[in-house]
Amino acid sequence: MTEAPVTGESPWTPATEDDPLDGLRAALTAALCGYEPPRSGYQDACWILHPVHDGEVRLRWDQVLAREGRRLADWPGTLSYLVLDGVTGADDLDGPDPAELDRATLARLVGHLARSGPSGYDTPCGAAQAPVMNRPGEELAARRGRLGDALAHHDTTPEFRFPATWWAADGSWLVLSDVDLSATEVFGATALIEALLADPELDAVRRPGIAETLGR
């Protein structure tokens with residue numbers, strides 16, 4: 001992929017206030033921490049756990065939990081930093097970051113998304129920040145752009161300002177990084193999700209969605 005040059009201005013341009021955002025505007029405005037669609041709207045879904053590092057070594061969450069004889073599969077709640085709470089030495093590790101993917105993981109995800117559709121990196125996308133991140137009185141912050149410019153947009157935004165929710169305009173996939181969690185939920189075709197789960201560079205897992213976990 002040829003990345004867009006870093007110019008200080010995002011290649012993802014602000015959406016107009018009357019843009020329906022592919023039918024998602026109302027749902028995005030109401031979802032304070034990021035919009036999780038019904039899983040029934042997609043063939044499959046998975047979570048990408050935000051990376052944890054011990055120095056230069058990247059650890060999977062289950063490797064960290066194993067220090068206390070625990071497993072992620074036994075965790076009943078959502079995928080926040082609390083999963084690793086109480087693990088010996090966890091406070092000395094780098095990560096997992098809340099609210100957004102690190103750049104390397106984002107790049108890996110963008111590659112998978114590009115390979116999942118006919119338009120590749122030219123796939124038109126929409127993106128919206130979580131309303132909870134807005135300043136008082138600020139309208140929903142939404143943008144439009146091409147998938148291949150996602151990293152350039154990342155590089156022009158301050159910390160924790162990459163969109164919580166972004167999606168293909170044709171509805172083929174949607175990505176949610178809820179600002180209260182340390183994992184990113186990806187919805188899409190079965191082939192996309194299986195590719196993410198099989199990628200050795202990602203810590204991707206099947207877990208219930210937020211609504212299901214919280215009994216909503």
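## The hairpin of strands 7 and 8

Gly-171 adopts a positive phi near 80° in the hairpin formed by strand 7 and strand 8, where five residues lie between the strands. The model described here is predicted.

Strand 7 and strand 8 (residues 174–176) run antiparallel and are joined by three bridges. Within this pairing, Thr-165 has Leu-176 of strand 8 as its bridge partner.

## Strand 7 and its second neighbour

Strand 7 spans residues 165–168, and its side chains alternate in direction: Thr-165 and Trp-167 point one way, whereas Trp-166 and Ala-168 point the other way. Residues on both faces are buried.

Strand 7 is also paired with strand 5 (residues 124–128), again in an antiparallel arrangement, through four bridges. Here Gly-126 stands opposite Trp-167 of strand 7.

## Cysteines and the absence of disulfides

How many disulfides does the model contain? The count is zero. A disulfide would require two cysteine sulfur atoms within 2.5 Å. The cysteine sulfur closest to that of Cys-46 belongs to Cys-125 and lies 17 Å away, so the separation is too far for a bond. Correspondingly, Cys-125 takes part in no disulfide, its nearest cysteine sulfur being that of Cys-46 at 17 Å.

Are these two cysteines buried or exposed? Cys-46 is buried, with a relative accessible area of 0%. Cys-125 likewise counts as buried, because its relative accessibility is 2%, and the cut-off for that class is under 20%.

Methods:
Residues are numbered from 1 along each chain as its sequence is written. This is a predicted model: local features need pLDDT of at least 70, side-chain atom pairs count only at pLDDT 80 or more; totals for chains, interfaces and linings use all residues. Side-chain values use heavy atoms; hydrogens and water are left out. Buried means under 20% relative accessible area, exposed over 50%, partly exposed in between (1.4 Å probe, protein chains only). Helices (H or I, at least four residues) and strands (E, at least two) are DSSP runs, numbered from the N terminus. Two strands pair if DSSP finds at least two bridges between them.
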